[in-house]
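Colleague: I have a model open and want to learn how to read its features. Can we take them one at a time?

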Amino acid sequence: MTYTAPMVTLGDTAASLHTGLSAQAWLLNGTPLGLAALLLVAGSLADDYGRRRAFLLGTFALGLTTALGALAPNTLLFTLARIAQGAASAAILAASLGLLVHAFPTLSGRIRATGVWGAFVSGGIALGPVVTGYVSQVADWRWAYGTLAAAALLVAGLAPRSLTESRSPRAGRPDLPGALTLGLALTALLAALTLGRDGWLRVPVGALLAATVVLLAVFVAVEHKGSTPMLDLSLLRRPLFLASTTGAFFTGLSVIALFSYVPTLVQRTMGLTPMDTAILLVLWSGAGFTVALQARRLSGRVSPRHQLAVGFALHAAAALTLLGAAGSAHWPRLLPGLLLSGIGSGLLNAALPLLAVESVPQGRAAMGSGASNTARYIGSAAGVSLTIALATSGGTSAHALSKGMNTSLIVSATLAVAAGALLLTLRERRSSTP
C-alpha cells in the first residue's frame, strides 16, 4: 500500500511540493530505490541476526518514515522520506519470505504460503491507491500518508505475538561495501534515465551511465572477494536463480513501471479524479489478488518458470489492448486490458516468491528473497523513469500524452515478450548421474 500510494495522487503531490515534470520520477522512484539498494543486505542480515527482528524493525521504521513523508515541505525531503520507506520495506520483504520458509517447511505448505504472500502483494497494490485516493478527496494527500503510517505502526505492535525467531548465521561482518556500491550504481542509473527525458546524447547522461557500469563492476568485485557477500555470485550458475531474478527484473521493468504512471496519464487525458482512477486500478490488482490466491492449484502441473512466461504473455497482450485507450476519452476502453494484465500479474506474483526461495539453499531463503525483490525494484525504478521519459517526450498536452502512452505500451509489451522468451530458455539442468 505504501509503495503504490503516490500512483493516483502524483498530480496533487507534485503541485503541493512544486515538483517539476522531470523530477516527478523521483516522487515515484524513491521507495524502489531504497528497496533495491538494501534488499540484498537486508536479506543477509535477516538470515544472520534474526528474521523476526528484521521484520519488526522494518515495520516500525516504515511507520515512522511514512509519517515523515506526510510532513515533508518540499520535493527533496519527500523523496528522501520515500527512499527511507524503501529501506524499511527492504527489511520487511526480505525477512517475510524467510519467516514463511521456517514456518512452512514442507513444499506443499510453502506453495500455499507463498501464494498467499503473493496475493497480498497484489492486494496492497489494489488498496494503496484506493485509500490515498479516498483520503485525499476528503482531506489532503498528506493525511493519506499519515493513515498508512498509523497502519504500519499497528502491524509492528501486533506482530510480536504471531512471529517466532529464525536465523541461519554465518561468520563475518555485514557487506556494507556491497550495499554502498550497489546503491550508488542505482542512483546513477536513475539519474541518467530521469535526465534522459531532455536528451539522451547529452554529456551528463553519458557520464552517469558510465558511472553506473563502473560501480556495478566494483560491486561484482566486492562480492567476489568478500568473505560474507550479500549476493553469492555462484548462484548465477543456477538456471532457476537466473529465472527468479530475470522474472523479477522484468516484472518491475515492464509491468509495475507501466502501471505506476498510467494512473497519472489517465487523469490528465481522460479527466478522471484520483478516486475514479483508483477504482479502475482495483480491477487490475484485484484480478491479480484473486489469481495469485488460486495459483497454488497449478502446482505439479505448471512450473513457476512457465507460469512466469504465461504471465508475461498475458501482460503483453493487455498492453497492446490498451493502445489508443487514452485518446478515446472513454474509460470503459481500459477495462479489458486492465483485467488481462491483472490476471498475468497474479501469475507473476504467485510464482516469483516460490521461485525465489526454491532457487537458493534453504538456509539462505531471505537472501533469495532479497535477490529476487532487488531485481524487481531495480527494474521498477528504471522502468518508471523510462516510462515517464517516453510518455512525456512529446509534451504535456492531452494529445501528446496520449501518443506518449501508446509508445510506453508498445515498449512494455516488447519487454514482456522478451522476458517470456528468455525464461523459457532457463531450464534447470538434469543430472546425468544415475
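Modeller: Begin with how helices are named. Helices are DSSP runs of at least four residues, numbered from the N terminus. R268 lies in helix α9. Keep in mind that this is a predicted model.

Colleague: How many helices and strands does the chain have?

Modeller: The chain has 15 helices and zero strands.

Colleague: How do I read the overall dimensions?

Modeller: Compare the radius of gyration with the value for a compact globule. For 434 residues that value is near 22 Å, and the chain has 20 Å, which agrees. Along the principal axes, the C-alpha atoms fill a box of roughly 65 × 50 × 45 Å.

Colleague: What share of the residues is buried?

Modeller: Buried means under 20% relative accessible area. By that cut-off, 56% of the 434 residues are buried. The accessible surface comes to about 17,400 Å², and carbon and sulfur atoms hold 69% of that area.

Colleague: And the contacts along the sequence?

Modeller: Take the contacts with a separation of 6 or more. Residues 24 or more positions apart account for 83% of them.

Colleague: How many charged side chains are there of each sign?

Modeller: There are 28 positive and 12 negative side chains. The centres of the two sets lie 6 Å apart.

Colleague: Now the interior. What is the general idea?

Modeller: In soluble globular proteins, nonpolar side chains tend to be buried together. Here the largest nonpolar core has 63 residues. Among those with the most contacts inside this core are F78, F259, W284 and L334. Helix α9, residues 239–270, supplies the largest share of the core, 13 residues. A second, separate core has 36 residues, including Y3, V360, I378 and A381.

Colleague: Which residues does F259 contact, leaving aside neighbours within four places in sequence?

Modeller: F259 is in contact with M7, L281, W284, H315, L322, L338 and S341.

Colleague: Back to R268. Why does R268 count as partly exposed?

Modeller: Partly exposed sits between the 20% and 50% cut-offs. R268 has 33% relative accessibility, so it falls in that class. Beyond its sequence neighbours within four places, R268 contacts L21, Q24, Y261, A398 and L401. A398 is 130 residues away along the chain, but the C-alpha atoms of R268 and A398 are separated by 6.4 Å.

Colleague: Show me a buried residue in another helix.

Modeller: Try T277, in helix α10, residues 274–294. T277 counts as buried because its relative accessibility is 3%. Setting aside neighbours within four places, T277 touches V8, P263, Q267 and L272.

Colleague: Where does I343 lie, and what does I343 touch?

Modeller: I343 lies in helix α13, residues 335–358. At 29% relative accessible area, I343 is partly exposed. I343 touches A287, V291 and L314, not counting residues up to four places away in sequence. Now check a distance. I343 and R238 are 105 residues apart along the chain, and their C-alpha atoms are separated by 28 Å.

Colleague: Last feature: backbone angles. What should I look for?

Modeller: Look at the sign of phi. Most residues other than glycine have a negative phi. H18 is not a glycine, yet its phi is positive, about 55 degrees.

Colleague: Where is H18 found, and is H18 buried or exposed?

Modeller: H18 is found in the loop between α1 (10–17) and α2 (24–49). H18 counts as exposed because its relative accessibility is 72%.

Key. Residues are numbered from 1 along each chain as its sequence is written. This is a predicted model: local features need pLDDT of at least 70, side-chain atom pairs count only at pLDDT 80 or more; totals for chains, interfaces and linings use all residues. Side-chain values use heavy atoms; hydrogens and water are left out. Helices (H or I, at least four residues) and strands (E, at least two) are DSSP runs, numbered from the N terminus. The radius of gyration is taken over C-alpha atoms; the globule rule is 2.2 Å times the number of residues to the power 0.38. Buried means under 20% relative accessible area, exposed over 50%, partly exposed in between (1.4 Å probe, protein chains only). Contact means heavy atoms within 4.5 Å. Accessible areas come from the Shrake-Rupley method with a 1.4 Å probe; for residues, only the protein chains shown count as cover. Lys and Arg count as positive and Asp and Glu as negative; His and the chain ends are not counted. The place of a charge is taken as NZ of Lys, CZ of Arg, CG of Asp or CD of Glu. A nonpolar core is a set of buried Ala, Val, Leu, Ile, Met, Phe, Trp, Tyr and Cys residues joined through side-chain atoms within 4.5 Å.
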